[in-house]
Amino acid sequence: MHALAAAPMKISTRATPVAFLLLCLMAVRVGAQGPATDALADGWRALQAGQLLNARQSFMRAVAASPEEARAHEGLARVAERDGDAAEAIGHYETALVHAPDTARLHVAVGILLSDAREHGRAVEHLRRAADLDAENAATWRAYAQALWRIEWYPRAAAAYERAIALEPAEVWAHIGLGDTHLRAGRLDDAVAAYDRALERDAGAYAAHCGRGAALSKRGEFDDALTSLRQAVTLRDDYGPAYYEMGVALQHQKNYEDAIRAFGRATQLNGWDAPSVMNIARCYARLGKRGLARKAHEHAAKLQEAQSDLATATAYIGRYPTEPDGYVGLGAVYARMGQRAEAIAAYEQALERKPRDVAAHVGLGDLYLNAGMIAEAADIHRVLVTLRPGDIETRAMFGMLLRELGEDEESHAVLAEAHGIVSARATQSGGANDWNLFAYVLYAQGDYAAAETAMQAAIRLNPIEPSYAGRLSQIRAALAASR
Amino acid sequence: MPALGVPMPPAARPTRGNQHCWATAALLCVACLCVVHAAGADLAFTHITAQSGVDFRHVDGRTGDLHFVETIGSGCALFDYDNDGWLDIYFVNAGEMPGREGRDGAAGANRLYRNAGDGTFTDVTDAAGVGDTGYGVGVCVGDYDNDGWEDIFVTGYGASALYRNRGDGAFDDVTESAGVYVDRWSTAAAFGDLDADGDLDLYVARYCAWTLDEHRVCHEHGNEVYCGPEEYDGDADVLFLNRGDGTFEDATQRARVTGDDGKGLGVLILDHDRDGDEDIYVACDGTPNLLYSNLGDGTFGEVAWLVGTDGDDAGNAQGSMGVDFGDYNGDGMLDLVVTNFQRQYNTIYRNDGGGFFADVSFIVGLGRTLPDVSWGTAFFDADNDGWADLFVANGHIQTNIADYDPTSTYRQQNRLYRNTGPSGFVDVTATAGDGLQPLKAGRGAAFGDLDNDGDVDIVVSNANDAPDILRNDTVGGSYLLVDLVGHDSNASGIGAELRAAAGDLRVVKEARSGGSYVSHSDLRVHIGLGLATTVDALEVRWPSGIVDSMRDVPANRLIRVVEGAGIRAEGP
């Protein structure tokens, strides 16, 4: 049930932002008076209009005027949340809660963000408090239930879902959440019953059909499972979890060709779907196609590793939201998976927290280089040279990038400076790596003959370094081409 | 507890054949059988540690510093060290933390208890010379020198030990001379004839590359906790090939079974694809399980991912500990069970033939094992009805788990699952006697007929606690207990496959060393026979390829089968 684990339900507190903002505006009108009031009202209006910068400035004015005004801190949190900066939002919500500790909606909001950030323990504490404060609110109980589900406290999650259902029996997602909870706990009969109740209320609930199919498949009732799963994808053709479960059921039926097609569709819809790729490998193995199986298995292993690293980075961010390291890690994972936009966003988040962070610059520089974004890469390397003045490779790369951009004069100067530093090092210490770097600079300068000599010196000093031979070949190829 | 060889009255239990014929059976009879089978009220395990004379207590040296090595407990072995026909018990102990100044090794010595045959045991450790004082973890047994006396191999943190049974009630520590010293952190081990030369080789799993210098404490929800395997690298396993002269050679690299990336805690030597040679399965904690398929040329290929036994049904590695191989569904093919960490169900891999397996854990009713941290395990026929039931020893590793996880506890209940045949396994723990009710931090578990009454008893080694000796008092069906004596094959008969037919009943078993979690069970092969009073056909396929076929073997007794000669003795 990996796929259902990704999104078992929607949390309705997020589904009604306009109504929520109106409520906040009304609260401002009837609440605080004085210098902060106008700023607060301006802030909420700007937020409602999507003017995040204005909203931020207004809320900051409100905080300055009245530091203990919880709604001002809450406003900043909402702005940060809309801006995609969950870590900052959590900080503002927690400040707001210092001043208004019994505000259920604040506990819900921060609880959901903490749960997303895999700070499960803190998330559960906030949401439990919210449920205590607002015990008749079904949405709060659903949010609490989902956090319990994520921390894998299934009996408590089931109880919270049941409470939500008692308060709001028509809410389909609560029934689906309860079904998912029973499914994960291995209570298959209870899961099927919960999904059935969801479908009684909304026959078009594709997630309920999917969950029902998954539960039936785990009971070994594959034909019925496939019927439910096909219904799910009929209702929503791009619902990946249903394709995964179809693959599982088909695999149990030893229908490996169709299982591969189902898992393949799941991976089309979610490129990170390691379980589907792993099962494609297993299907190929059963079909005797070992080469394809091995290839799929290797790909799945890479996806698993990336997901593990992603989880680690996310957890790190949740725990240390003001540090850049988690975002650097996140950027590295996205870059590895070819998700450039997400990687750039992550590195930029890191630089917001520490503008001169070396690792973020290196990651961003590599990303731009690999994408052929020369101007952007040059800008990053310009900063990197100041951050790591002794790093010869950075200087040489910067020089080459400038040359690519037609900035010949500056390129020449940068490379000449690198040459001066590294030639002194190489001739003084005589270390293999110094000669290797010297060769690199000479290569960047286009002096291929001298680069060859320097590289040969590096190889004489360290004949077993595996990368040197390849570099010598590269230099010789450039030399031959230049002649 | 009737003496061995005395025929037992078969109880009114359904055989597998009966179940298949229920549809055509008389209605009244069917109703009776259904009541008996579904109720599960007659599975009964009685806690007899106190009256057994076994005063062993496991100690793991915990000081509150939360050393990782303290978490995994130790195993135990059931074997007949003095060839008197009664199973003896060997407990591995850990002791104080290695490397600590002033360490008192004697406080954590292993102990051997001799079975007096009257329900009591006597500590014979000192006379036998097997009181290893290292930080012990696991044990396996096999007659590596083919002299007719079972020998002991002990794993542990810092060192291993091979005890050669002299046959006079004492053992010699031959670790160095035999060349089987394993340093660092070895866990599970098993003997098996991996090169098919008639003597027993030895596979030893290593866990993590943890040292006292690298000790650190982890945190969960603000609580200090033991760090888990994810904090440390895995360590390489070791394969020793028996030269046949009392010494072994390290063939790990040559055979390509390094297990470098694995964090091994469970080892089975088994023939997963029935191609006649022995393969190796390693249950790993947090890394994919490994299945080394014997390529027949002295090398092995890792195929767990290929055949579907590397992790759960989504291909995720689990925190695997214990392992066993048995035919739970009566299709004549041996299936795998692997026990796992909390929130990871215990996995049943159904053997689909051709070397392939399918994860059917939920289908057979094991999907609800999520709250448990599971260790020792075995498929065994608790009620002699011909169906393999399942025992799982449980216990968390974090002593303070309840402080931050309200769904779990440190001490947990062991579980017994009754095999209902087509309906899969049903948890009958609550009704299976007082032996199943205590909450403990279970780890190793070994299985065997301690009192020679024809059913399988259980010994559980608990972390930092006294063990549980659970006498099987179930009023069950008929049985046959088979003691194997190899001739061309290894003397222990390890690796032999037994197939029995009794009426409609078909049972397949393998004799093996090690298994479960860092433990070793009775080498005699136990076969539950339901209502049958005679085994119509019994076939023993030895590792040498020799097949002994026997007809019309009376039930409810112990028989000794000698390779190439068939039944040569009955009774103890």
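# Asking why: the words behind a predicted model

Modeller: At 29% relative accessibility, B:Asp183 counts as partly exposed.

Colleague: Why is B:Asp183 called partly exposed?

Modeller: Buried means under 20% relative accessible area, exposed over 50%, and partly exposed in between (1.4 Å probe, protein chains only). The 29% of B:Asp183 falls in between, so the name fits. Its partner B:Arg184, at 40%, is partly exposed as well.

Colleague: Before we go on, what are we looking at?

Modeller: This is a predicted model, in which local features need pLDDT of at least 70 and side-chain atom pairs count only at pLDDT 80 or more, while totals for chains, interfaces and linings use all residues. Residues are numbered from 1 along each chain as its sequence is written, chains are lettered from A and ligands numbered from 1 in the order in which they are written, and side-chain values use heavy atoms, with hydrogens and water left out.

Colleague: What makes B:Asp183 and B:Arg184 a salt bridge?

Modeller: The rule asks for a side-chain nitrogen of Lys or Arg within 4 Å of a carboxyl oxygen of Asp or Glu. Here N and O are 3.7 Å apart, so the pair qualifies.

Colleague: How do you know that A:Asp116 and A:Arg150 tie together separate parts of chain A?

Modeller: Their side chains meet in a salt bridge at 2.6 Å, N to O. A:Asp116 lies in helix α8 (residues 104-116) and A:Arg150 in helix α10 (residues 138-150), so the bridge joins parts 34 residues apart in sequence. Helices (H or I, at least four residues) and strands (E, at least two) are DSSP runs, numbered from the N terminus.

Colleague: Why is B:Glu150 called buried without a salt bridge?

Modeller: B:Glu150 is buried, and the nearest side chain of opposite charge, B:Arg560, is 9.5 Å away. Lys and Arg count as positive and Asp and Glu as negative, while His and the chain ends are not counted. A distance of 9.5 Å does not meet the salt-bridge limit, so no bridge is counted. The side chain of B:Glu150 does have a polar atom 3.0 Å from the backbone nitrogen of B:Asp143. B:Glu150 itself is found in the loop between β6 (135-142) and β7 (151-157) of chain B.

Colleague: What makes the phi of B:Ala196 worth a look?

Modeller: Most residues other than glycine have a negative phi. B:Ala196 is not a glycine, yet its phi is positive, about 55 degrees. B:Asn384 also has a positive phi, near 55 degrees.

Colleague: Are B:Ala196 and B:Asn384 buried or exposed?

Modeller: B:Ala196 has a relative accessible area of 59%, so it passes the exposed cut-off. B:Asn384 has 2%, so it is buried.

Colleague: How do you know how much area chain B and chain A bury between them?

Modeller: Buried area is the accessible area (1.4 Å probe) that two parts lose on being put together, summed over both. For chain B and chain A that comes to about 2500 Å², with carbon and sulfur atoms giving 55%. B:Trp305, B:Phe362 and B:Arg368 supply 26% of what chain B buries against chain A, more than any other three residues.

Colleague: Which residues count as being in the contact, and how many are there?

Modeller: Contact means heavy atoms within 4.5 Å. The contact takes 28 residues from chain B and 32 from chain A. Five salt bridges are counted between the chains, including B:Asp352 with A:Lys254 at 3.5 Å, N to O.

Note on methods
Polar contact = N/O pair within 3.5 Å; in protein donor to acceptor, adjacent residues only side chain to side chain.
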